[in-house]
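These exercises deal with empty spaces in a protein and with the packing of its helices. Work through each task before reading its solution.

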Amino acid sequence: MTTETCAPTPALLALLRACDGSIEPRSQGAEARVYDVQLSGVECVAKQRFAKTYRLRELDERLTRSRLSAEARTMVRARKLGVLAPHVVHVDAKESCVYMERIRGCALKEALRSGETTREDLRRFGEEIGVAVAKLHDGGIIHGDLTTSNLMVRDEDGRVVVIDFGLSYPSKLPEDKGVDLYVLERAITAAHPSQTVLFDDILAAYKKTSQMWCSTLNRFAEVRARGRKRSMVG
């Protein structure tokens with residue numbers, strides 16, 4: 001990624017100037033550009049969705065507005081459910097941009113790869129993640145992209161914060177919850193093969209917290225079996 005690739009729109013820059021803010025490109029994904037910004041003296045992360053030129057303009061604008069709104073609402077809903085997630089500072093529908101709390105810390109992926117995590121750290125991470133995912137699922141939220149890149153270890157207290165709800169959607173179906181857990185298991189086993197005990201701790205905390213754990217974990221077992229069968233046959 002280059003700074004030019006991740007350049008903010010003129011209107012976004014105008015908003016920051018009006019609010020006496022600053023901006024620094026952070027990353028670019030398939031759906032949005034992400035910046036570290038200061039908005040009226042408050043440190044934030046700005047996530048700006050960009051147009052998809054392969055879609056009809058009217059359809060693209062409608063989908064972008066819908067997804068922007070859904071992501072912001074989901075973060076608000078997650079916090080109401082007691083999940084540690086960034087709080088929403090401002091939503092600019094015209095610029096397809098959501099401003100949210102900037103979490104000071106590192107991705108769980110980085111923490112696990114540092115070589116400094118103890119068994120007690122893994123147990124604590126697993127408990128916090130399991131509780132958070134159970135609260136999301138019982139509240140009818142599917143994260144959609146549970147990976148160790150989308151879980152942050154906060155500097156101030158070492159707690160795990162769930163981030164990036166861009167692919168989240170509402171559902172209480174055991175199948176969707178099972179797939180959500182399977183994505184997380186695959187992310188851990190693929191990127192952190194020596195620390196797979198973390199997922200065992202996550203499941204244990206999930207079972208202890210969720211009121212609907214039985215149907216979800218039964219379906220998770222089926223999803224896992226299907227996934228393993230597909231990998232065996234290629």
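**Exercise 1. Find the volume of the largest cavity, then describe its lining by residue, element and class.**

Step 1. The largest cavity has a volume of about 30 Å³. On a 1 Å grid over the protein atoms alone, a cavity is a set of points where a 1.4 Å probe fits but cannot get out, and lining residues have an atom within 4 Å of a point. A volume is the space filled by probe spheres set on the points, which are joined across faces, edges and corners. The structure is a predicted model, in which local features need pLDDT of at least 70 and side-chain atom pairs count only at pLDDT 80 or more, while totals for chains, interfaces and linings use all residues. Residues are numbered from 1 along each chain as its sequence is written, and side-chain values use heavy atoms, with hydrogens and water left out.

Step 2. The lining consists of E31, R49, F50, K52, R55, L63, T64 and R67.

Step 3. Helix α2 (residues 57–80) gives the largest share of this lining, three residues. Helices (H or I, at least four residues) and strands (E, at least two) are DSSP runs numbered from the N terminus.

Step 4. By class, the lining of the largest cavity has two nonpolar, one polar and five charged residues. Ala, Val, Leu, Ile, Met, Phe, Trp, Tyr, Cys and Pro count as nonpolar, Asp, Glu, Lys and Arg as charged, and the others, Gly among them, as polar.

**Exercise 2. Describe the largest pocket in the same way.**

Step 1. The largest pocket holds about 660 Å³ of space. A pocket is an open set of points with protein on both sides within 12 Å along at least five of seven lines.

Step 2. The lining of the largest pocket has 29 residues, and those closest to the centre are S27, V34, N150, I163 and D164.

Step 3. Two or more lining residues come from each of β1 (22–28), β2 (32–39), β3 (42–49), β5 (97–101), β6 (105–107) and α3 (108–113).

Step 4. The classes in this lining are 12 nonpolar, seven polar and 10 charged.

**Exercise 3. How do α5 and α6 pack, and which residues make the contact?**

Step 1. Two packed helices are described by the angle between their axes and the distance between the axes. Axes are lines fitted to C-alpha atoms, for helices over the stretch in contact, and angles run from 0 to 180 degrees between N-to-C directions.

Step 2. Helix α5 (residues 174–191) and helix α6 (residues 197–209) have axes that come within 10 Å and cross at roughly 155°. The two helices are therefore roughly antiparallel. Angles under 35 degrees count as roughly parallel, over 145 as roughly antiparallel, 65 to 115 as roughly perpendicular and the rest as oblique.

Step 3. On the α5 side the contact is made by K177, L181, L184, E185 and I188, and on the α6 side by L198, F199, I202, L203 and Y206. Contact means heavy atoms within 4.5 Å. Eight of these residues are nonpolar, none polar and two charged.

**Exercise 4. Place helix α4 relative to α5 and α6.**

Step 1. The axes of α4 and α5 come within 11 Å and cross at roughly 155°. That angle makes α4 roughly antiparallel to α5.

Step 2. Here I129, V133 and H137 of α4 meet K177, D180, L181 and L184 of α5. This contact has four nonpolar, one polar and two charged residues.

Step 3. Helix α4 (residues 119–138) packs with α6 at an angle of about 45°, the axes being 7 Å apart. So α4 is oblique to α6.

Step 4. The contact of α4 with α6 has 11 nonpolar, four polar and five charged residues.
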